[in-house]
Structure formats: structure tokens, C-alpha cells
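Trainee: I have a complex open on my screen and would like to learn how to read it piece by piece. Could we go through it together?

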Amino acid sequence: MIKNSKKVIFYAGAILLAVFYVVVLWWGQNPKVGLEYRMYYITHELSDWPGYGKLSYVPGTVEYCTGLKDRNGKDVTWQVCRRKGKGWNTEQYEGSKNSADKAYVYYVLAEALEHAEYQVEINEFTGDGEVFVYCNDKNVGSFRQTGVFTFEIGELKKEELTTIRFEAEDCTFSLWSTMITE
Amino acid sequence: MNMLSEKYKNNENFRLVLKLLFIWLISRLIMLLLMAVYNAYMGTDHSVAFLMNQWDAKRYQFMIDNGYTFPLDTDPQANWAFFPMYVIVCRFVKILTFGVVDTYWVGMVVSNVCIFAAAFTAVKYMSLVRGGKSEEYLLIPVLMFAGPYSFYFGSAYTEAMFVLFIALFFYCCARKRFILAGVMSACASATRIVGCILVFALLMELYLDMVQKEDRSGSRLFTFNRIKLFIIKMIKAPERIFAVMLSPLGAFSYMTFLRFFCGDVWAYKNVQIAWREDTYFPVIGVMWKACTGQIEPRYTYMGWFCVGVFIVYGYMLYRKYYSMAVFGIISLLVPLTSHVMSTCRFTAGSYVIYMGLYEILNRCNKKLRAVVLLLFALAEAVLLLLWYNSDCWLM
């Protein structure tokens with residue numbers, strides 16, 4: 001009798017553990033995390049860790065596409081663009097150079113914009129090709145030299161992920177600053 | 001005094017503890033001596049705690065004092081990558097000291113106690129499994145206290161505690177205390193994720209136990225019928241199923257904590273992206289890149305180090321240390337899925353390598369063994385000096 005009840009306890013214990021493990025694995029399939037965490041740690045869409053809630057963007061803020069420190073290891077004084085996705089070089093002292101045909105920047109707007117414009121400053125351009133700029137997969141313009149360029153991107157909703165994609169054809173460029181404004 | 005002398009003569013465990021204490025003391029005195037040499041040569045005046053606790057020891061110190069924290073906006077290297085058992089024990093010990101003892105010293109004391117207990121367990125295990133007196137296996141504690149990379153066992157790292165749980169796991173298996181072995185495995189998996197791999201060692205031990213009971217010597221170890229029989233016997237033995245199911249409990253408990261802490265049970269794995277972005281084809285790609293010198297020189301060394309370790313594990317299979325070799329091989333393959341970084345530390349921290357080295361050295365002639373041990377001692381001395389210098393080869 002005692003032997004049998006011992007057996008039952010062990011079977012029950014093993015089943016309980018199995019159920020517990022399944023629940024944990026199910027949680028693993030459904031992480032309860034914020035957008036920044038998901039895009040940096042899980043899907044690796046972001047190349048820099050922006051911090052919790054830091055993809056949020058206040059329209060009109062100019063962000064510079066450098067690292068947090070300069071060549072001498074000193075903290076930079078300007079607002080750094082920490083929302084870059086894949087396709088950028090890791091070294092970014094003088095702006096961010098594209099390292100692939102497609103390079104991404106992400107925004108989550110803190111307020112809705114009806115007629116948004118995307119402004120970029122390109123401080124280096126090599127090659128004979130052209131860079132096409134897309135906002136949420138819609139082509140909004142292109143550039144083929146250095147300078148400041150403004151693209152009309154239309155309506156942007158509040159707290160929705162906005163994806164800017166640079167598609168470089170036969171060229172490389174360096175993005176110095178970016179801004180979304182109305 | 002007479003009583004002590006009597007006890008020394010009659011009590012094998014007492015004798016063993018004293019001998020281990022002697023080896024441990026010598027090894028630590030050498031560490032201290034090398035610290036003095038380092039300080040004198042570098043013109044520094046660093047403390048024992050400072051020199052012994054490099055790299056991740058600083059993270060453990062922070063975690064013992066502050067627990068798990070969220071990543072800063074400027075630093076994505078969250079401390080979720082580190083498993084909690086060592087931190088919990090150190091925290092508890094620190095509380096026992098009313099928080100007055102320096103955290104590094106708490107960590108070092110815990111590590112040293114763990115490695116001492118692990119060495120004792122290792123000797124008892126060998127004496128149980130291979131027969132003979134405990135004193136015949138003192139080479140193992142020598143390697144664990146003073147062999148290459150053994151300095152990790154003296155610092156605030158998880159390695160010593162991990163080694164202790166593995167040693168206890170194999171000892172429990174040898175005593176056929178499989179549920180207790182499952183508990184040890186659970187503790188190991190709460191110390192480092194590769195502790196989960198002990199489940200394979202446990203299955204192997206259970207299988208070997210069945211084969212042993214069959215007592216059909218001469219026939220092949222793995223046959224379809226035996227495996228089938230093993231599965232049937234396992235299903236009919238709930239305490240064994242329970243023991244196996246216990247093995248990853250530590251890791252799953254930590255994952256549950258992570259679910260409520262940061263929302264992601266895989267956070268300890270996902271956070272690795274903050275340490276390295278370079279990706280290679282698992283194991284083969286990693287080993288190829290490392291061994292052919294396509295990464296950094298330290299990784300070339302580590303690549304070839306891993307090759308040597310695999311050879312030792314292969315030899316252990318040949319010498320019928322099946323479960324240990326299986327654990328060693330898989331626990332090395334796991335980090336090799338991403339990089340060779342830290343594999344020297346992981347190998348020392350896998351414990352089973354010491355059994356393999358013992359088996360090899362024990363079969364060498366005395367002169368060769370002495371030469372090898374001398375080389376090992378020299379290597380440890382050099383590694384210690386590099387460690388004190390916070391060398392990146394020892395990250």
C-alpha cells in the first residue's frame with residue numbers, strides 16, 4: 001500500500017514538473033516584452049539598444065547618427081539616434097554608413113502627424129548609384145549626393161512603428177542626422 | 001592530541017580532509033605569493049580581493065549586493081545572463097555576516113568552500129567507483145586546486161559551485177541515489193544553464209545501472225532491445241522518471257523568475273546579443289574559424305584547446321567514463337554553438353575533465369607524470385599572473 005502510494009506521488013510529481021515546464025516553454029513562445037526589447041534582444045532588428053520606451057520620438061527632434069562616444073571615448077553632447085536597425089556599420093563616429101543594400105531606422109511617434117516630412121543630412125556619398133527612401137514600404141524619394149534632403153511621408157499615426165528604409169543601389173552613403181517634422 | 005592522532009589513524013575521511021586542506025593551503029599560498037610578485041613587478045598595491053576578482057566577478061559582486069537589474073539605456077549587457085544559485089548563496093552568507101564582510105570576500109569564501117567540498121566528493125567518488133583508498137586519488141584535488149585555470153575556483157565566479165553540484169551528482173549516481181542526483185542536477189542547472197545537460201548523464205547512469213543489473217558481460221552496450229527495455233523499465237519506475245524530470249528544475253525556475261521580472265523566459269539567452277554580434281555556423285563553423293586563426297589569436301588558442309579537450313573526452317569514453325564523457329562533450333558543444341570565448345573556463349568548470357586528466361596521468365610513468373604536473377603548475381602560475389593583470393584571454 002505504502003509502496004503504491006509512493007509510486008503515485010512520484011508519478012504525480014513528474015507530471016506536475018512536466019506541466020510546469022510546458023507552461024514555461026509556452027511563456028517562452030509568448031514573451032511579454034516591450035517593442036524595444038523585442039526588436040533588439042529577440043528579433044535583432046535594432047543594431048543599438050535604445051533603452052526601454054526609447055524608440056518613442058517627439059516630432060521635430062534632430063538626432064545625430066553617431067555612437068554615444070566620440071573617437072576619444074568622451075560622451076557626445078548631442079541627441080544620438082539610437083533607433084537604427086540593420087544595415088549600418090558599427091563604427092559611426094562621423095555618421096552612420098550603410099553596410100548593406102538596405103538600411104533601416106525606426107520611429108514610434110509620440111503624437112500623430114497628418115503631413116509628416118522626413119529630413120536627412122547626408123555627409124558622405126560614394127558611387128554612381130542612388131539611394132531610394134521608403135517609409136513603411138512606400139517610396140518617398142531618393143538622393144544621389146551629399147546634402148540635406150526632405151521627403152514628404154504623409155500621415156503617421158501615434159504610437160505605431162514607422163519604418164524608414166534606405167535602399168542603396170551601387171553606392172554607399174553616410175547618414176549624419178535625421179528628423180521627422182510636420 | 002592523542003585523540004586527534006588516533007582519529008587521523010583510524011578515520012579515513014578525517015585524514016582525507018587534512019590532506020586536502022594541506023594541498024588547498026599550499027595552492028592558496030602560491031596564489032598569494034604570485035600576488036606579491038605581481039604587485040612588486042607592476043609597482044601596484046592591489047588587494048587580494050581586487051586581484052582575484054576580475055571580469056565577471058565584478059558582475060557577481062554587483063548582483064550579490066543589488067540583485068538583478070534592468071539594462072541601462074547605454075549598456076544592453078543585462079545581468080540576466082548570469083544564473084542565480086551562486087548569487088543567492090553568497091547573498092545568504094553575506095546576510096549571515098550582517099553585511100559587514102566585503103562581497104568579494106564572501107564570494108571567494110563560498111567558492112573555496114565549494115571547491116574544497118567538490119574535491120572531497122571527487123576523491124570519494126573515485127574510491128567508490130574504482131576501489132582503493134581515498135588517498136590514491138589525491139591527484140584530482142591537486143588538479144582542482146592548482147591545475148591550469150583552477151584560479152576561477154578561488155574567485156567570485158560560479159565555477160566552483162557548479163563543479164560541486166556536478167561532483168555531488170555523479171557521487172549520488174554512483175551510490176544509486178538517483179532522486180538526490182536529480183536534485184543536484186537541478187541545483188547545477190540553477191547555477192549555470194549547462195547544468196541541464198546533466199539530464200543526459202543521468203539517463204546514461206540509469207541505463208548503465210540497468211545494464212549492470214542484467215549482468216550480461218561481453219554483449220554490446222547499446223542494442224535496440226536494451227534501449228527498448230530501458231524505456232519500459234523507466235516508465236515502470238516513477239521515482240526514476242521523477243529524478244530525470246527534476247534535472248532542469250533550477251533552470252526552469254530561473255526562467256519563471258525572468259517571466260515575471262522582464263517578461264521573457266529566454267532573456268538569459270536573448271541577452272547574449274549584447275556581448276557579441278558575430279555569428280558563425282554552430283560548432284563546425286566556430287571551430288573552423290577559431291582553429292584556422294580567422295578570429296583573434298586568443299580564440300585560435302581556445303579552438304585548439306577545445307580540440308584537446310574533445311580528445312580527453314574521447315579517451316574517457318574509451319575508459320568507460322560514459323556518463324561523464326557525454327556530459328563533458330555536450331557541455332562543451334553548447335558554448336561552441338556560438339563562440340569559443342570562455343571555453344577554457346567552461347572546461348575547468350565542467351569538473352569531468354579532471355577525471356579524464358587523472359585517468360591519463362595515472363597511467364603515465366612517474367617521470368612523465370611529474371613533468372606534466374610541473375608544466376601544469378607553471379601554466380597555472382602564468383595564467384594567474386595574466387588573471388591578476390585582467391588579461392582578456394581569461395574573460
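Mentor: Happy to. Let's start with one helix and its surroundings: the buried residues of α13(B) are covered by a set of elements that includes α1 (2-29) of chain A, together with α5 (85-96), α9 (178-191), α12 (238-246) and α14 (267-270) of chain B. Keep in mind that this is a predicted model.

Trainee: Which residues of α13(B) are buried?

Mentor: They are B:Leu249, B:Gly250, B:Ala251, B:Phe252, B:Tyr254, B:Met255, B:Leu258 and B:Arg259. The helix itself spans residues 249-261 of chain B, and its 13 residues reach 18 Å from first C-alpha to last, close to the 18 Å expected at 1.5 Å a residue. Just after α13(B) you will find B:Gly263, with a positive phi of about 90°.

Trainee: How far should I trust the coordinates there?

Mentor: Where pLDDT is low, predicted coordinates should not be read in detail. Here, chain B averages a pLDDT of 94, and 99% of its residues score at least 70. For the complex, the predictor gives an ipTM of 0.92 and a pTM of 0.93.

Trainee: How many residues of each chain are in contact with the other?

Mentor: One general habit first: the size of an interface is often given as the accessible area lost when the parts come together. Here we can count residues instead: 25 of chain A are in contact with 24 of chain B. On the chain A side, the elements giving two or more residues are α1 and α2 (35-42). The most comes from α1(A), with 12 residues. By type, that side of chain A divides into 18 nonpolar residues, four polar and three charged.

Trainee: Let's stay with chain A. What is its make-up in helices and strands?

Mentor: Chain A has two helices and eight strands. From the N terminus on, the order is α-α-β-β-β-β-β-β-β-β. To see how the chain is laid out in space, set its radius of gyration against that of a compact globule: for 182 residues the globule would be near 16 Å, but chain A has 23 Å. Its C-alpha atoms fill a box of roughly 85 × 40 × 35 Å along the principal axes. Of the 182 residues, 29% count as buried. Among contacts between residues at least 6 apart in sequence, 67% join residues at least 24 apart.

Trainee: And how do I read the strand pairing? Do β1(A) and β4(A) run parallel or antiparallel?

Mentor: A general idea to carry along: in a regular strand the side chains alternate between the two faces of the sheet. As for direction, β1 (residues 56-57) and β4 (residues 102-109) of chain A run parallel and are joined by two bridges. One place to look is A:Ser56, whose bridge partner in β4(A) is A:Val108. On the other hand, β4(A) and β8 (residues 161-181) of chain A run antiparallel, with seven bridges between them. There, A:Val105 stands opposite A:Ile164 of β8(A).

Trainee: Which loop holds A:Asp137, and what is its phi?

Mentor: A:Asp137 is in the loop between β5 (113-135) and β6 (138-143) of chain A. Its phi is near 75°, a positive value in a residue other than glycine. A:Glu159, in the loop between β7 (147-156) and β8 of chain A, also is not a glycine and has a positive phi of about 55°.

Trainee: Why does A:Asp137 count as exposed?

Mentor: The test is a neighbour count, with 12 or fewer C-beta atoms within 10 Å meaning exposed. A:Asp137 counts as exposed because it has 7 other C-beta atoms within 10 Å. A:Glu159 is exposed as well, with 11.

Trainee: Where is B:Arg192 found, and is it buried or exposed?

Mentor: B:Arg192 is in the loop between α9 and α10 (198-214) of chain B. The cut-off for buried is 20 or more, and B:Arg192 is buried because it has 26 other C-beta atoms within 10 Å. Leaving out residues up to four places away in sequence, B:Arg192 touches B:Phe83, B:Thr158 and B:Phe162.

Trainee: Why is α7(B) described as largely enclosed?

Mentor: Seven of the eight residues of α7 (residues 139-146) of chain B are buried, so the helix is largely enclosed by the rest of the structure. Among the elements covering those buried residues are α2 (12-42), α6 (103-130), α19 (352-363) and α20 (366-388) of chain B.

Notes
Residues numbered from 1 in each chain as written. Chains lettered and ligands numbered in written order. Predicted model: local features only at pLDDT ≥ 70, side-chain atom pairs only at ≥ 80, totals over all residues. Helix = DSSP H or I, 4+ residues; strand = E, 2+ residues; numbered from the N terminus. Expected span 1.5 Å × (residues − 1). Contact = placed C-beta atoms within 7 Å. Nonpolar A, V, L, I, M, F, W, Y, C, P; charged D, E, K, R; others polar. Pairing = 2+ DSSP bridges. Rg over C-alpha atoms; globule rule 2.2 N^0.38 Å. pLDDT = per-residue confidence, 0-100.
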